[in-house]
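Me: I'd like to learn how to read the strands and surface of a model like this one. Could you walk me through it?
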Amino acid sequence: MTETIRNPGRMAPVLAAMALLSAPLGGAGGAMAQPSAAIARAEAPAAAGRSYQVTFRQLGALFPLQLRGVQGTGGVQFGVRGDEVVTRARLHLNYAYSPALLPDISHLRVLVNEQVVATLPVPNEQGGQALQKVIDIPTRLIGEFNRLNVELIGHYTMDCEDPAHTSLWANVGNDSRLELSVEPLALSNDLAFLPEPFFDRRDSRPLHLPIVFTRAPDAAQLEAAGTLSSWFGALAGFRGATFPASVGQLPPKGHAVVLALGDEAVPGVSLPRTSGPSVTIASHPSDPAAKLLIISGRDAAELKRAATALSVGAPALSGPTATIAEFKQIAERKPYDAPNWLSKDRPVKFGELAQADMLGVSGYSPDLIRVNFQVPPDLFAWRKQDIPVHLKYRYTPQNGAEKSTLNINVNEQFLRALPLRAADYTPPSRTQSWLERMLPAAQLASGDLLPAQDFFRVPLFKLPARSQLQFHYYHEIKKEGACKDVLLDNVRGTVEPDSTIDITGFSHFLAMPDLAAFGNSGFPFSRLADLSESAVVLPPKPEPGDLSAYLSLMGLMGNVTGYPAHAVTVALGSGPLDALADKDLLVIASGANSPLLQQWAEHLPFSLTADAKGFRLSDYASRLLTWWDPDQRDRARPGRNAITFTSASTDAVIAGFESPLRSGRSVVMLASNQAQGLQQAITALLTPDLLKHIQGSAAVVRGNQVDSLVAEQTYYVGQLNPLTRVQWWLSRHPLALVVLGVAAAALIAFMLYIMLRARARARLQKS
């Protein structure tokens with residue numbers, strides 16, 4: 001991509017540290033966390049400021065913090081937006097501690113950025129009880145990025161004690177919450193701050209960014225808006241993002257994105273006359289602390305060009321307005337090359353998946369080393385079922401510690417334990433050289449960590465689309481006897497950044513429909529990161545609820561791929577869709593506003609009208625009785641049970657089926673009898689506790705409940721080489737395999753019969 005930018009304003013320096021904040025994925029002993037999209041935002045009564053609360057769980061501590069030993073520590077990270085200043089901070093701490101602690105020499109310390117803000121006594125009469133404490137945090141200690149720790153200073157005896165005694169414990173609940181009151185800061189109108197203040201990496205809450213159209217949008221305007229929402233969705237990452245839409249009306253408060261075409265006016269905002277695709281940042285007319293990001297063009301093509309240029313070239317922009325003078329077409333994406341996915345062409349290094357400072361730990365009770373990664377959901381696991389991992393690691397060997405291990409888990413499931421050599425370890429093999437025998441001692445003398453490596457395989461069936469490798473160093477504590485047990489803080493462990501995980505050589509083949517693949521990975525639309533083989537079909541006259549659902553879905557696509565969906569196609573209306581036959585279709589339907597519900601009724605596992613609903617249900621009893629039938633085992637036949645009822649509820653349905661326009665292409669439909677009901681489906685896709693229930697070919701979302709009603713597999717996507725395809729087909733059709741076996745045996749017998757008869761005839765002729 002190359003571009004030339006005409007800028008009427010001065011060039012401003014690009015902010016340092018523009019990398020996204022990688023929020024911790026758990027406290028001590030925590031696991032991969034995906035904060036819910038339903039984080040509460042409590043508005044303060046004061047007009048200028050506001051207050052909000054976040055729990056430790058929402059900050060990454062999936063489990064309570066477990067503090068162990070004489071000096072156990074656990075905590076969370078939090079940030080403060082660049083356009084806000086903290087005026088008050090309070091910690092609502094929920095905790096418990098061991099009743100065996102000596103109150104005179106034991107206590108809990110609360111620290112913010114290594115500064116002590118409170119010391120909590122541990123009286124015996126409250127030991128073992130669930131306690132609560134409200135702690136005021138001095139605002140002078142709070143910066144952009146912050147660490148809040150709770151530390152246990154624990155002792156159970158005045159005599160010689162075991163530093164790892166089981167009575168030395170404290171527990172901090174992950175329902176503890178941090179309450180912040182903030183006041184807005186006035187920022188200058190400068191594009192150099194992008195993506196701030198519209199997205200701020202310091203803010204761990206879900207992104208909520210309104211998108212405003214100056215008039216009822218056409219397909220091209222919606223494509224431009226989808227590019228922007230997918231870009232912001234990619235930036236939001238683990239937070240998740242929603243994009244409420246409105247037409248011709250700005251939100252009364254807060255930041256917003258505006259799409260303006262031609263000479264259309266933005267209410268209350270005066271814009272400079274544009275001479276081409278432009279990006280402008282302006283103050284909100286009714287909220288001086290808020291900003292508007294205005295994307296404009298003289299026609300729809302220029303509007304889309306401005307949106308695409310912003311999504312890929314934001315770090316180069318500056319000044320209040322930038323006009324894109326030249327923008328060359330972005331190179332086409334290749335299948336499965338999404339930036340957030342493991343590459344299918346080469347082994348991927350751990351250093352590409354995690355920051356280097358997150359790959360090392362210290363102490364006898366260290367936190368986990370976590371490596372997050374995503375795999376394409378259609379990896380074909382038949383015959384080749386494991387993903388190879390080449391692990392390189394270093395650690396501090398301990399004298400006489402023969403039971404120390406590096407434990408390896410994937411998604412909290414144990415894989416294997418690697419023994420850690422002791423400092424006095426002598427390799428048993430006589431073939432090893434004297435240099436190898438002396439290496440541990442030499443390295444200990446120089447203070448280096450002992451290097452090691454291992455090659456293991458991760459079973460593919462253990463890997464959902466979003467997975468996490470977890471490495472836990474367990475160090476054995478040698479007991480020297482009374483008054484001799486002293487723990488020295490000299491234990492370190494690392495996982496090397498040049499360790500690799502490799503998914504090359506896997507075929508891509510998947511039974512469809514599979515809503516789990518859609519919900520977790522956006523598949524099959526995300527197969528190409530720019531969505532160039534995908535189309536979104538909206539009602540002829542979409543309502544704001546339809547538009548919001550579309551924009552939030554594009555944000556979800558950007559979230560899973562890490563790339564803006566600048567090549568997606570949008571279609572409005574009920575006319576012929578033959579031009580979209582070679583694309584996977586994402587259909588948004590709301591009641592009578594969507595004629596496709598009637599046109600494709602025979603392909604849908606449900607029916608939906610303004611006041612009536614009908615669903616096809618799985619026929620489990622029939623499948624149990626006909627287990628030998630491969631069509632029943634594959635759930636390729638539709639469920640025989642059905643139910644129809646009338647209701648005024650706004651339930652939403654997510655359904656998948658093969659495209660009626662072309663075999664092998666997929667359709668995923670989000671439908672509700674009312675446009676506002678679509679928000680329930682979006683909330684379910686953004687909430688991990690609900691997302692895990694979206695499976696099969698149809699799921700009904702009823703408020704905070706999700707039920708998968710049918711699970712039919714009717715077609716396959718992807719390709720296998722001919723030999724593997726035949727072998728796989730025969731493995732799933734045992735009767736055909738038996739018939740072929742009998743036919744092959746008969747053919748061999750016939751050939752042997754002909755050969756033996758020929759030999760007998762020749763023998764008779766000789767005689």
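Me: Let's start small: which residue is the bridge partner of N409 in β25?
Reply: That's F414. Before going on, note that this is a predicted model, where local features need pLDDT of at least 70, side-chain atom pairs count only at pLDDT 80 or more, and totals for chains, interfaces and linings use all residues. Residues are numbered from 1 along each chain as its sequence is written, and side-chain values use heavy atoms, leaving out hydrogens and water.

Me: How do β24 and β25 pair?
Reply: In general, strands of a sheet pair through backbone hydrogen bonds, either parallel or antiparallel. Strands are DSSP runs of E, at least two residues, and helices are H or I runs of at least four, numbered from the N terminus; two strands pair if DSSP finds at least two bridges between them. Here β24 (residues 405-410) and β25 are antiparallel, over six bridges.

Me: What is the order of strands in the open sheet?
Reply: Four strands run β22-β27-β24-β25, with antiparallel pairing. At the edges sit β22 (369-374) and β25 (413-419), each pairing on one side only.

Me: How many helices and strands does the chain have?
Reply: Twelve helices and 41 strands.

Me: What share of the 767 residues is buried?
Reply: Buried means under 20% relative accessible area, with a 1.4 Å probe and protein chains only. By that cut-off, 51% of the residues qualify.

Me: And how far apart in sequence are the contacts?
Reply: A contact means heavy atoms within 4.5 Å. Among contacts with a separation of 6 or more, 79% join residues 24 or more positions apart.

Note on methods:
Buried means under 20% relative accessible area, exposed over 50%, partly exposed in between (1.4 Å probe, protein chains only).
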